[in-house]
Amino acid sequence: MSVNSQLQNQSQTITSSTKQTPSFFVRWLRLLLKSKTGTIGLIIVLAVTLVAIFAKSLAPHDPNLINPAMMLKPPVWADGGSSAHILGTDNLGRDILSRIIYGSQISLAVGISAVALAGAIGVFVGLIAGYYGGLIDNILMRLVDSFLAIPTILFALVILSIFGPSVTTLIVVLGITNWVQYARLVRGEVLSIKEREFVKAAKSIGVRNNKIIMKHLLPNVISPFIVISTLSVATTIILEASLSFLGLGIQPPTISWGGILSDGRDYIATSWWLAAFPGMAITITVLAIIFLGDWLRDVLDPRANN
Amino acid sequence: MGKFLIRRLLQIIPVLFIISFVVFCLVFVAGDPVALMLPEDASPEDIEQLRESLGLNEPFHIQYFTYMLGLFQLDFGESFRYGQSALPIVLERLPATLELAAASMIVAIVIAIPLGIWSATKKNSPLDLLATGGSVLWKAMPNFWLGIMLILLFSVTLGWFPVSGRGNFSHLVLPALTLGTGIAAEMTRLIRSSMLEILNQDYIRTAKSKGIRDFYVVNKHAFRNALIPVVTITALQTSTVVGGTLITETVFSWPGLGQLLIQAVNTRDMAIVQASVFIIAFFVILMNLLADIIYKLLDPRIKY
Amino acid sequence: MAEALLEIKDLKTYFHTENGVVPSVDGVSFSLKKGETIAIVGESGSGKSVTSLSIMGLIGSPGKIEGGEVLFEGQDLTTMSKRNMRKLRGNDIAMIFQEPLTSLNPLFTVGNQISESIRLHQKASKEEAKIKSIEMLKKVGIPRAEKVYSSYPHLLSGGMRQRVMIAMALSCNPKLLIADEPTTALDVTIQAQILQLMKNLTNENDTSIMLITHDLGVVAEMVDTVIVMYAGQVVEYTDVFTLFKEPKHPYTKGLLDSTPKIHELKDELQSIEGTVPAPGTITQGCKFQTRCTRATAKCFVEEPELKELSSNHKVRCWLHEQEEVAI
Amino acid sequence: MKRKRFWGIFLFVITAILLVGCSGETTTSEPTDTEQNSTGSEADKNLTIAIGADMVTFDIHDHNNTSTEAIHVNMFNYLFKKDENGEIHPELVEEFNIIDDLTVEMKLKEGVTFHNGDPLTSEDVKFTLERVATDDKLKEYPNYKQIKEVQIVDDLTFKVITHAPEPSLFHRLSRLGSGILPKKYIDENGWDHFLSNPVGTGPYQFKEWVRDDHITLVPYDNYYDGKVEEWEEVVFRVIPENSTRVSELLTGGVDIAVNIPPADWERVNSNEGTSIVQEVSNRVIMLILRSTEGLPTADVRVRQALDYAIDDGALVNNVLQGGAVPTTTMVGPGNFGHNPDLYETYNYDVEKAKELLAQAGYEDGFEMTLQAPRGRYLQDAEVAEMIAGMLAAINVKVNVEFLEWSNFVEMRNANENKEAYLLGLGNSMFDGAYSVDWYRAERYAGHTDYKNDQIEELLAASASNMNPEERAKQIQEISTIAAEDLPFINLYQEKINIGISDSVDFDPTPDEMLYAPSITSK
């Protein structure tokens, strides 16, 4: 073990020794504030979440209100821009800012729900496969291999085109394509933890299997799970945009960032703001989520911290 | 090694079975393509007639049986759209996609390996921040957007590269950059973190204690160890790369499997969908197998 | 007495972590003569490993030597150029690490790793290096040295690996060998063999040894001088006989009491309650205050100096200030 | 040794990747030169046309794809051909003679040869027409099943016999199913060989087809009407992504690009060396209403109210930027039975619409669903959303439901249509009868549930009416009734929008064909 990691252990000793004190949350906050990118990430993610929640009160216009008189107005600072439409209007005269504000709802909801679904399936399968091993493990892992062999976007494309691209279908599709990474993660952790003394001891005194799983195994996989989930929300938002590009994303009048971006791409060269702002919304949010996820990994996973 | 290979190959069989079953189910629930084969103004009588003559009314198990029987002879059925056997059409398109995928992978490796190592050894330097920041930014950008931007910049404005299509090397540059840099962003992050972990290992300290130059410590002792996870990472990216070709091919009109597949999906040409999903999955499995073999060869600790 | 081979003066190595500055080594001074064997004793976290790495110049970010001098044959290593330092490392100063398992690169053969050093420092050709390496492997008592030469580390047992490490460290006849807990990870039966081996080999070339350990049993067997470290500081510094006979610091006593001795059968072994506080957490008073059974009010307020009790015995404790006053 | 093995592996992997890449490249070295030559400089005689979707097949009877026919038209000739005014003239046929209601005798032109050198004979015509008229698996079968048989009189003379009097026969023989196939060539080499090496009688012959990439045609030296000298090579490049297609046009990568989205018209026009040319297509965009009992749209006043509430002019001018012509009939100009009174006009009167709604008992409006595809027609999604916005003005709350094309087709097929859906109907027959047949009650029972006895009578009468003038009147009358009774709301007739380089001259035709002999270099 190197000096650096020894030091790490020391600082962990601090964390664990102070865990009982009520300042646990404060400690975390302090840890967070020490990482600039983590702080920025958290602030943006919180901001986007708030925007999504309060979209109705924040949006200056009805996002679907068509106004032929105000078609393709540039943002307020550009020539011909209007202060009524800060980020300009689209080809039907709809307010882009309002659309982006409303779009955050679906983009976040899809991202989070899909990840939650994938996580639930993945953790379940991973626990079962890792804990019971043998034939069950073998079957489940072959299933995992099969899903890994089909690219997510391809699978999503086929399913969405068959069942039609609704929000629910999208969530389900992304959920059932992404669970494999959680299953592999959890299985791996379970395999290593299973061999540890405390599990063996619990087993030897006759503790029931599901109790061992819930009490000893599950808590140990939570940290890496949170890290992967966070980053997964980011990938899901991108994936939704890509599916919109292929025409199988969320369909209007439901507004998603991917949808606005993809609709705006015909205007990239002529009315740049149609695509640029939703593009920025996606990029900034994903960036923030990645920052947050990286920070979480540094804090939760001692191996990755240097 | 032989035993390992045999075990690994045996594992592929159930995987292929599962995939073929999933693919079949997809096609079964997809319903029949007849309506799409006829024009907008076709009458219901016309539709029913075509349905009858194509014989799409068999029950599930019979259709599955026929399907599996065909599969063993590498027959995925006839493409409704092309009126030809599906597999040759798919295979015909495979080289274009492989070309794009390989070029993107090379772009990704050429960017990611030096950048990942560099930012790991110079951790927290401005260059590291630039590299990590850049890779996160790239990761956060939808690929099609990047592609369209590259066309506008390098083709329309600067005129350096052709806009689209497949042909000589210059046609390959923009699509490979689009897809490759996207993959590189992910790879750089992974290589950096795996490199950081290795630079923290005891044997690196040992090497340094012997008075070896940092350059050799990094490139001999660390990199070779870091390469082991990188091989796995690269293989796991195969799926992402192939998935990414769907988007990139559409943006750049690259005549590969991706475009064929999208057309097939849109027209419910399920024979093509089946064949291409199967071929893609097979390819990904093959790459993972290859990675496993390389992994074993690279790491003397693993016994065959 | 010959001139000191190594002299450490007020060495300060601090780590700049996200939680603030951590003084891992906080003003350590000692010296080591040619041929002498010195032990640095302390629990994990006491700063003994950081001291050795500071000498080697292997403290990496976020650690930094903040002050003091490391004089090796009169040259200050802390200010030496990287290039010259590299020439020294592995050649004049060699190091053996605690974990023979992880300290060898798993992807290179044993021979590759030994000859790497020889080729680098002695400008030997590939063949020469190979001959020398095999010779070294034989010297450290490895049977079938030619075969081991081309084996990968994972195929060897722990004891064998540590022998390989010793062979590697001694391959360039260093003047100073730093051994960081060289036997901790090994079986008891092998520990003695390895220590004996180190002793024998270094005697041949009059190599000085700096042994870092938490095991006083090891100390008794092979060293001349002992430095006891606690929380980044030297708390007691004396020759091995004095230490065992008359330990002055409560911490040293605690350490001695917790070492099993075959001759004195005790009912139970003593142990020191608690763990070493993380560096930097105690800002006032004696660093040992939290675990000392004899701590007084003063210990919590004022930090004691390293006090010279006799010409070869220094201790950092208020108890001994008072004794003197009492005399 | 061991270290060498490592680098060996590393090199192997890199080489393997490179090899895959290179092997891919070598297989396509061929199109490279065509690409390079096609970048529209003055001297070159290559024409490159960017199309949005790849050709489907060379089986001219087994697709229903206008953009596929747009390419085929260069390689195959029809027995008859429509001119720009929509009038039908013989093409491969020298002269014809209507013997009775069921029989037409025709004589082929002399000296017509296929690209492989074989002369065109009656055998070929019989083979072609009977194939499509009898094989019910073919997608064009419904349009040719009216033909009973082709009787050969001599090498060049034959009789086409229909099952029943068929007034649209000449329309049918002047469109995609009637391109004449080489019987001898197919008999000798097999159908699959024909599909990969197609042979026709047209001005251009097949050179190569790289799927989803390009199709290359070269002039046929022995074309009966004289070799086309204008182009040495015509390349159709497949570029599905709109912005990419536009970029190719702007950078001179292609000479002609079809389907330019309105957003880019200004850009193409203001760019030096390119411009947009337009022509009204034969595709009418309409709302198919459902008249099923119980729905508000069962009431003709509601249907009329919807029509009055939709400002077709605003759709055409704002959303489509002038890329369409408002219309109230399905039968456009150039079609048999066109009624000019119903064309270039529309109803828009919000007050009247409200009144009609009130009369129908919907003073407070109602809620309805409008289903629409996305990306199928010019600005289709925008149009649907705009209509929803317009109907809100008369208190009709429209829920727009967008369906991906295959789901849309499925919806139609399963009769899951709601109050209205947006559809574009083309008419490759250019015979109005073909369009107004959509009003036939039996045809869409359970789908639109529309029935108008007057229309039923007129439909029945026109179906076998061999008197062209009378039949045209009947079709016009159906249109007039429909414009009032509104089973569907006809919105506008789409324009074809083609971007062309200044170096070529091209006037698009309503049938959307890309007939290379009509494209000239400047």
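Let's start at a single residue: D:A53 sits in the loop that links β1 (46-51) and α3 (66-72) of chain D. Keep in mind that everything here is a predicted model. How buried or exposed is D:A53? It has 18 C-beta neighbours inside 10 Å, and since a buried residue needs 20 or more and an exposed one has 12 or fewer, D:A53 counts as partly exposed. If you set aside its neighbours within four places in sequence, the residues in contact with D:A53 are D:S67, D:V238 and D:P240. You can also look along the loop to D:N65, which is 12 residues away in sequence and, C-alpha to C-alpha, 9.9 Å away in space.

From D:P240, one of the contacts of D:A53, go a little further along chain D and you come to helix α9, residues 242-250. This one is mostly covered, with 8 of its 9 residues buried. Which residues of α9(D) are the buried ones? They are D:S243, D:T244, D:R245, D:V246, D:S247, D:E248, D:L249 and D:L250. Just past the end of α9(D), D:G252 adopts a positive phi of about 80°.

Zooming out on chain D, an unreviewed UniProt entry puts the feature "domain: Solute-binding protein family" at residues 87-442. In the model, that span of chain D is 29% helix and 25% strand, and its end C-alpha atoms are 31 Å apart. Chain D also meets chain A: 22 residues of chain D are in contact with 19 residues of chain A. On the chain A side, the touching residues break down into 11 nonpolar, 6 polar and 2 charged.

Now for chain B, where the secondary structure comes to 12 helices and 0 strands. Reading along the sequence, you just get one α after another: α-α-α-α-α-α-α-α-α-α-α-α. Of its 304 residues, 55% count as buried. Among the chain B contacts with a separation of 6 or more, 72% come from residues 24 or more positions apart.

What does the UniProt record say about chain B? The unreviewed entry marks residues 12-31, 100-121, 142-163, 169-185, 226-252 and 272-295 as "transmembrane region". Take two of those stretches in the model. Residues 226-252 of chain B are 96% helix and 0% strand, with end C-alpha atoms 35 Å apart. Residues 272-295 of chain B are 100% helix and 0% strand, and there the ends lie 34 Å apart. The record, again unreviewed, also has "domain: ABC transmembrane type-1" covering residues 94-291 of chain B. That span is 84% helix and 0% strand, and its end C-alpha atoms lie 21 Å apart.

Two helix pairs in chain B are worth a look. In one, helix α5 (residues 86-121) of chain B packs against helix α8 (residues 169-199) of chain B at an angle of about 35°, and their axes are 6 Å apart. The crossing of α5(B) and α8(B) is right-handed. By class, their contact has 22 nonpolar, 7 polar and 1 charged residues.

In the other pair, helix α9 (residues 202-209) of chain B meets helix α10 (residues 214-251) of chain B, with axes that come within 10 Å and cross at roughly 145°. Here too the crossing is right-handed. Which residues make the contact? From α9(B) they are B:Y203, B:I204, B:A207 and B:K208, and from α10(B) they are B:V217, B:H221 and B:A222. As for the spacing of such contact residues, an α-helix has 3.6 residues a turn, so residues three or four places apart point the same way. Sorted by class, the contact of α9(B) with α10(B) has 5 nonpolar, 1 polar and 1 charged residues.

That leaves chain C, which has 12 helices and 12 strands. Its radius of gyration is 21 Å, close to the 20 Å that the globule rule gives for 327 residues, so chain C is as compact as a globular protein of that length. Along its principal axes, the C-alpha trace of chain C spans about 70 × 50 × 45 Å. Buried residues make up 50% of the 327 in chain C. Of the chain C contacts with a separation of 6 or more, 64% are between residues 24 or more positions apart.

Conventions. Residues are numbered from 1 along each chain as its sequence is written. Chains are lettered from A and ligands numbered from 1 in the order in which they are written. This is a predicted model: local features need pLDDT of at least 70, side-chain atom pairs count only at pLDDT 80 or more; totals for chains, interfaces and linings use all residues. UniProt positions are given in the numbering used here, feature names are shortened, and annotations may be inferred rather than shown by experiment. Helices (H or I, at least four residues) and strands (E, at least two) are DSSP runs, numbered from the N terminus. Axes are lines fitted to C-alpha atoms, for helices over the stretch in contact, and angles run from 0 to 180 degrees between N-to-C directions. A crossing is left-handed if the near helix is turned anticlockwise from the far one by less than a right angle, and right-handed if clockwise. Two residues are in contact if their C-beta atoms, placed from the backbone, lie within 7 Å. Ala, Val, Leu, Ile, Met, Phe, Trp, Tyr, Cys and Pro count as nonpolar, Asp, Glu, Lys and Arg as charged, and the others, Gly among them, as polar. The radius of gyration is taken over C-alpha atoms; the globule rule is 2.2 Å times the number of residues to the power 0.38.
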